[in-house]
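I opened this entry to record which charged side chains pair with one another and how accessible their residues are. I then turned to a polar site and noted what surrounds it.

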Amino acid sequence: SAWGAGVLAVYGLSLGILELYERLAPGVSVTTNFQRGHTNVSALWGLLGLTLLYVGLRRDLRALRLGGFALFGVSLGKIFLYDLPNLSAVTRALSFLAVGAVLLAGAFFYQRLKTQLTDRAA
């Protein structure tokens with residue numbers, strides 16, 4: 001039930017971001033605001049995945065680590081299946097850069113903290 005509540009919270013937060021972008025710049029076209037919102041939704045999903053991975057590594061909780069990896073996979077799927085064909089070149093590039101930076105940070109934390117966990121276990 002906790003994972004289901006988390007999924008619903010992320011979905012609600014994603015919809016809130018899209019709505020916020022529609023309200024922030026009412027003079028700009030709906031399409032432009034929608035694309036900017038989707039770039040930030042992709043970044044949000046990547047950051048949430050990074051947070052789950054980090055907390056899972058720090059506290060040695062396998063479920064959180066797997067949830068972080070799953071959220072990374074979902075954000076990559078969103079980028080390739082939705083962002084790539086539907087967003088403009090600039091917002092697509094920003095989306096790829098944001099999620100790519102988060103994935104690099106995740107790889108750094110995973111490498112760093114995983115070796116600490118294995119050293120403590122040994």
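I looked up E19 first. In this predicted model, E19 has a relative accessibility of 38% and is therefore partly exposed, since the partly exposed class lies between 20% and 50%. I then asked which residue E19 pairs with in a salt bridge. The partner is R23, and the closest N and O atoms are 2.7 Å apart. R23 has a relative accessible area of 63%, so I entered R23 as exposed. I located both E19 and R23 in helix α1, which covers residues 2–24. The two are four residues apart, about one turn of the helix.

I next checked how many salt bridges the model contains. The count comes to three, and the pair E19 and R23 is one of them.

I turned to D60 and R65. Their side chains form a salt bridge, with an N to O distance of 3.2 Å. D60, at 48% relative accessibility, is partly exposed. R65 stands at 11% and therefore counts as buried, the limit for that class being under 20%.

I then examined K78 and D83. This pair also forms a salt bridge, and I recorded 2.8 Å between the closest N and O atoms. Is K78 buried or exposed? At 10% relative accessibility, K78 counts as buried. D83 is at 0%, so D83 is buried as well.

I followed this pair to S42, which I placed in helix α2, residues 30–58. I asked which side chains join that of S42 in polar contacts. One is the side chain of K78, at 2.9 Å. Another is the side chain of D83, at 2.8 Å. S42 thus has polar contacts with both K78 and D83, and these two residues are themselves joined by a salt bridge.

I also checked the accessibility of S42. The value is 0%, so S42 counts as buried.

I finally listed the residues that S42 touches, leaving out those up to four places away in sequence. They are S75, K78, I79, D83, S95 and V99. K78 and D83 thus appear both in this list and as polar partners of S42.

I closed the entry with a summary of the site. S42, K78 and D83 are each buried. In the salt bridge of D60 and R65, by contrast, D60 is partly exposed and R65 is buried.

Methods:
Residues numbered from 1 in each chain as written. Predicted model: local features only at pLDDT ≥ 70, side-chain atom pairs only at ≥ 80, totals over all residues. Heavy atoms only, no water. Buried < 20%, exposed > 50% of the residue type's maximum accessible area, 1.4 Å probe, protein only. Polar contact = N/O pair within 3.5 Å; in protein donor to acceptor, adjacent residues only side chain to side chain. Contact = heavy atoms within 4.5 Å. Salt bridge = Lys/Arg side-chain N within 4 Å of Asp/Glu carboxyl O.
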